[in-house]
Amino acid sequence: MERRSIKAVFFDIDGTLARTKDPTPSAAVDNWLREMQENGILLYILSNNKHHHRVKAFAEAVGLPWQHLAKKPGLSGFRQAAQTLGLRPDQLAMVGDQTYTDVFGARRFGCKAILVDSTDTYLWYFWPRRLAELPFRKERP
């Protein structure tokens, strides 16, 4: 991350760091987040989840600042998180599992967007959503 001048990473929770129904991260995710912090990367939970208690409990379990109801792909959540960290958009990356919220919002805000495979493939709307995203999921070398 340092080579790309990324100082902080925003993370979505549901479908990205954990399945929507999982109250806490797996040990592997927890260790990975801690390793990133030990290497000087600031981390922040930026979630569209409307349930304050869900986002708070998850973020506290990993010791990260957080925001629920971020309204991605809107810019207000990104602005607030960037301001909290004191960083510019070009110093940030957003990691998420949804093209229309996480990736589109990050690009609109001017930060790096990293799309990951969703952990929520068991949800009824997963496949219709993926079909709708196909035109935007171009593989890059």
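Which residues of helix α2 are buried? This report takes up that question in a predicted model.

## Helix α2 and its buried face

Helix α2 covers residues 52-62. Its buried residues are R54, V55, F58, A59 and V62. Seen down the axis of α2, these buried residues fall within an arc of 115°, so they line one face of the helix.

The other side of α2 looks outward at two positions: H53 and E60 are exposed there. Exposed here means over 50% relative accessible area, while buried means under 20%.

## What the buried face meets

Which elements do the buried residues of α2 pack against? One is a helix, α1 (27-38). The others are strands: β2 (42-46) and β3 (66-67).

Just after α2 comes G63. This residue takes a positive phi of about 70°.

## The chain as a whole

Helix α2 belongs to a protein chain with five helices and five strands. From the N terminus on, the elements run β-α-β-α-β-α-β-α-β-α. Strand and helix thus alternate along the chain.

The protein chain has 141 residues, and buried residues make up 45% of them. Contacts often join distant parts of the sequence. Among contacts with a separation of 6 or more, 61% are between residues 24 or more positions apart.

## The surface

How much area does the protein chain expose? The value is about 8100 Å². Carbon and sulfur atoms supply 55% of that exposed area.

How values were computed: Residues numbered from 1 in each chain as written. Predicted model: local features only at pLDDT ≥ 70, side-chain atom pairs only at ≥ 80, totals over all residues. Heavy atoms only, no water. Buried < 20%, exposed > 50% of the residue type's maximum accessible area, 1.4 Å probe, protein only. Helix = DSSP H or I, 4+ residues; strand = E, 2+ residues; numbered from the N terminus. Arc of directions from axis to C-beta. Contact = heavy atoms within 4.5 Å. Areas by Shrake-Rupley, 256 points an atom, 1.4 Å probe, with all protein chains shown as cover.
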